[in-house]
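Dear colleague,

I am handing over the structure we spoke about, and below it you will find an account of what turned up when I went through it. Please read the notes with the structure open beside them.

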Amino acid sequence: MQDTVAGTGLHYVGAPEITAVLEDQARSLLGCLGFGAPDPELATGDLPFAWVDIPVVGAQPVFEVWLGTAPVRRARRGALRFARDEQVLFGCVEIDADLQSDYDAVIYREYCAIFDCLDELGYPNLIRAWHYLPDIHLDEHRLGRYKRFSLGRHEAFVAKGRAISRDAPAASAVGKRPGNTVIGFLAATRPGTPIENPRQVSAYSYPAQYGPRGPTFSRALFTAWGGVAQLYISGTASIFGHSSRHQGDPQAQTAETILNLRSVMREARDHGLIDVCAETDTLIKVYLRRPELKTVVEAQLRQAFGADPQTVWLQADICRSELLLEIEVVCSTRPQA
Ligand code: 3EB
């Protein structure tokens with residue numbers, strides 16, 4: 001998917017290249033998530049790696065590879081596997097399917113374990129998190145699984161002394177195939193700069209109809225590490241204020257989502273952090289409720305951001321059942337050679 005995979009930050013890698021990339025970049029690999037049906041043949045050794053069993057739209061598995069500054073150090077603690085360089089730590093956790101009753105309690109426990117580890121090792125700032133939840137719409141004692149997830153996460157932030165607004169990372173939370181829960185995250189020695197979207201109510205301030213505790217994430221987070229300025233835009237959907245817009249209309253939901261992405265990018269520029277433009281590397285990940293929505297979304301993304309950004313297409317349920325798509329973005333500026 002990429003001609004050369006080198007340099008700190010995120011890279012998308014296709015199935016034919018992944019083995020070579022893992023070997024060639026071994027000294028700087030912080031971690032990797034593989035999207036698609038798990039391939040037991042893929043050798044990942046002690047790398048923080050997890051398969052996210054999720055349908056990839058029209059293609060083979062695709063891999064998100066995070067490179068740091070060599071040499072990285074790898075370790076594990078219970079279910080938590082991680083690797084770090086001087087500035088950042090990538091980690092992942094898989095929660096077995098048979099441990100998923102009382103979902104808020106499960107999430108609370110795992111998140112507390114993550115924060116404890118980050119605090120002890122000196123990477124206290126969670127900057128980006130991805131959450132892949134099986135049966136995201138399942139009702140457990142009248143509270144949906146996603147709401148239980150938000151509740152457990154919120155309680156862990158409070159228990160471990162995190163501010164709900166200032167310390168909120170960029171995040172995504174979507175469905176996956178039935179089975180385990182997968183959480184991947186990036187944390188850093190230094191705090192990033194959270195960014196909100198003036199078109200949207202901050203997620204952590206959503207009214208109670210979306211759950212007893214709001215989702216703890218910021219709309220985007222700006223950070224620089226490994227000499228690269230990076231903007232992580234959270235999963236973004238057709239939400240204005242706090243309300244879902246354009247129910248049943250994929251064309252309009254896509255347009256609304258792009259307005260939100262542009263709005264967040266404008267905020268980042270107006271705060272003097274990063275100007276997302278032709279010179280920025282842009283990676284896009286699209287979650288579609290149904291694979292056939294790709295045609296509509298692809299046409300609008302192309303119009304908005306051109307043909308350059310690499311784009312990964314996954315099929316996933318979005319946390320609110322009326323939402324047809326969610327889009328996350330990583331923008332980075334590499335120093336001029
Ligand atoms: C939204 O804007 C859509 O709970 O971590 C997007 C990104 C969404 C992250 C999360 C949820 C999360 O509310 C859903």
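Which residues are linked in a network of salt bridges? They are Glu64, Arg128, Lys285 and Glu328, and I return to them below after a word on the chain as a whole. Please keep in mind throughout that this is a predicted model.

The overall fold

The protein chain has five helices and 20 strands. Its radius of gyration is 18 Å, close to the 20 Å that the globule rule gives for 337 residues, so the chain is as compact as a globular protein of that length. Taken along the principal axes, the box filled by the C-alpha atoms is roughly 45 × 45 × 40 Å. Of the 337 residues, 57% count as buried, and among the contacts with a separation of 6 or more, 76% are made by residues 24 or more positions apart. The chain exposes about 13,700 Å², of which carbon and sulfur atoms supply 49%. As for charge, there are 34 positive and 40 negative charges, and their mean positions are 4 Å apart.

Salt bridges

The search of the whole structure finds 16 salt bridges. Within the network named above, Glu328 forms a salt bridge with Arg128, in which the closest N and O atoms are 3.3 Å apart. Glu328 lies in strand S20 (residues 325-333) and Arg128 in strand S8 (residues 125-134), so this pair ties together parts that are 200 residues apart in sequence. Both Glu328 and Arg128 are buried. Glu328 also meets Lys285 in a salt bridge, at 2.9 Å from N to O. Since Lys285 lies in strand S18 (residues 281-288) and Glu328 in strand S20, that pair ties together parts that are 43 residues apart in sequence. Lys285, like Glu328, is buried.

Another salt bridge joins the side chains of Asp53 and Arg177, with 2.5 Å between N and O. Here the two partners sit in loops, Asp53 between strand S3 (49-52) and strand S4 (62-67), and Arg177 between strand S11 (170-176) and strand S12 (181-188), so that the pair links distant parts of the chain, 124 residues apart. Arg177 is partly exposed, with a relative accessible area of 32%.

Buried positions in the strands

What does Leu186, in strand S12, touch beyond the residues up to four places away in sequence? Its contacts are Trp66, Leu89, Phe90, Asn125, Leu126, Ile127, Arg128, Trp130, Trp225 and Tyr232, and one of these, Arg128, belongs to the salt-bridge network described above. Leu186 is buried, with a relative accessible area of 0%. Leu186 and Phe240, which are 54 residues apart in sequence, lie 28 Å apart in space, C-alpha to C-alpha.

Thr223 lies in strand S14 (residues 220-225) and, at 6% relative accessibility, counts as buried. Leaving aside its neighbours within four places in sequence, Thr223 is in contact with Ile127, Gly192, Val228, Ala229, Gln230 and Tyr232; Ile127 and Tyr232 are also among the residues that Leu186 touches.

His11, found in strand S1 (residues 9-14), counts as buried at 2% relative accessibility. Its C-alpha atom is separated by 20 Å from that of Leu301, which is 290 residues away along the chain.

Backbone points to check

Most residues other than glycine have a negative phi, and most peptide bonds are trans. Against that background, three places deserve a look. The peptide bond from Ala70 to Pro71 is cis, with omega near -5°, and Pro71 is found in the loop between S4 and strand S5 (73-77). Asp102 has a positive phi, near 55°; this residue is found in the loop between strand S7 (88-95) and helix H2 (103-121) and is partly exposed, with a relative accessible area of 44%. His246 likewise has a positive phi, near 60°, and is found in the loop between strand S17 (243-244) and helix H4 (250-270), where it is partly exposed at a relative accessible area of 32%.

With best wishes

Technical notes. Residues numbered from 1 in each chain as written. Predicted model: local features only at pLDDT ≥ 70, side-chain atom pairs only at ≥ 80, totals over all residues. Heavy atoms only, no water. Helix = DSSP H or I, 4+ residues; strand = E, 2+ residues; numbered from the N terminus. Rg over C-alpha atoms; globule rule 2.2 N^0.38 Å. Buried < 20%, exposed > 50% of the residue type's maximum accessible area, 1.4 Å probe, protein only. Contact = heavy atoms within 4.5 Å. Areas by Shrake-Rupley, 256 points an atom, 1.4 Å probe, with all protein chains shown as cover. Lys, Arg positive; Asp, Glu negative; His and termini not counted. Charge placed at Lys NZ, Arg CZ, Asp CG, Glu CD. Salt bridge = Lys/Arg side-chain N within 4 Å of Asp/Glu carboxyl O.
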